[in-house]
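Colleague: Please take me slowly through one part of this model, since I am new to reading structures. I would like a close look at how its pieces meet and how its charged side chains pair.

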Amino acid sequence: MMTYFELSQFMKTFQTYIYTGNREADLDLMEEEIQELFRLGMIDVRFFRDAKLTIIKERQVLSDKN
């Protein structure tokens with residue numbers, strides 16, 4: 001399992017810099033980008049699954065804070 005930071009660093013390898021100042025919006029954009037990378041065959045199923053789980057975990061952390 002990866003962390004949010006590791007996922008954001010990975011996204012930078014594709015020249016994708018996501019920072020809106022709103023963590024929830026960042027997660028939405030990151031999820032869209034990960035889905036697009038998977039659809040294009042640029043990441044494998046295992047990485048896609050781990051990325052989705054990381055995003056779900058981060059959303060849970062955000063909802064627990066509120």
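Modeller: A good place to begin is the pair formed by α1 and α2, where α1 passes α2 in a left-handed crossing. Please keep in mind throughout that this is a predicted model. The axes of α1 and helix α2, which spans residues 23-39, come within 11 Å and cross at roughly 55 degrees. With that angle, α1 is oblique to α2.

From α2 we can move on to the charged side chains. Side chains of opposite charge can pair when their charged atoms come close. This structure holds 6 salt bridges, and I will take some of them in turn.

In one of them, the side chains of Glu58 and Arg23 meet with a distance of 3.2 Å from N to O. This pair links distant parts of the chain, since Glu58 belongs to helix α3 (residues 45-65) and Arg23 to helix α2, with their positions 35 residues apart in the numbering. Glu58 counts as buried, because its relative accessibility is 14% and the cut-off for buried is under 20%. Its partner Arg23, with a relative accessible area of 36%, is partly exposed.

Another salt bridge joins the side chains of Arg59 and Glu31, at 3.0 Å from N to O. Here too distant parts of the chain are linked, with Arg59 in helix α3 and Glu31 in helix α2, 28 residues apart. Arg59 is partly exposed, at a relative accessible area of 28%, whereas Glu31, at 18% relative accessibility, counts as buried.

A further salt bridge is formed by Asp50 with Arg49, and the closest N and O atoms of that pair are 3.2 Å apart. Asp50 is buried, with a relative accessible area of 19%, while Arg49 counts as partly exposed at 46% relative accessibility. Beyond single pairs, salt bridges that share partners join Asp28, Glu31, Lys52 and Arg59 into one network, and you may recognise Glu31 and Arg59 from the salt bridge between their side chains.

To finish, look away from the charges to the surface, where Met1, Leu53 and Ile56 make a nonpolar patch of about 330 Å². Met1 lies in the segment before α1, the helix of residues 4-12. Met1 is exposed, because its relative accessible area is 66% and the cut-off for exposed is over 50%.

Technical notes
Residues numbered from 1 in each chain as written. Predicted model: local features only at pLDDT ≥ 70, side-chain atom pairs only at ≥ 80, totals over all residues. Heavy atoms only, no water. Patch = residues over 30% accessible without salt bridge, like charges linked within 9 Å, V, L, I, M, F, W, Y side chains within 5 Å. Areas by Shrake-Rupley, 256 points an atom, 1.4 Å probe, with all protein chains shown as cover. Salt bridge = Lys/Arg side-chain N within 4 Å of Asp/Glu carboxyl O. Helix = DSSP H or I, 4+ residues; strand = E, 2+ residues; numbered from the N terminus. Buried < 20%, exposed > 50% of the residue type's maximum accessible area, 1.4 Å probe, protein only. Axes fitted to C-alpha atoms, helices over the stretch in contact; angles between N-to-C directions. Parallel < 35°, antiparallel > 145°, perpendicular 65-115°, else oblique. Left-handed = near helix turned anticlockwise from the far one by under 90°.
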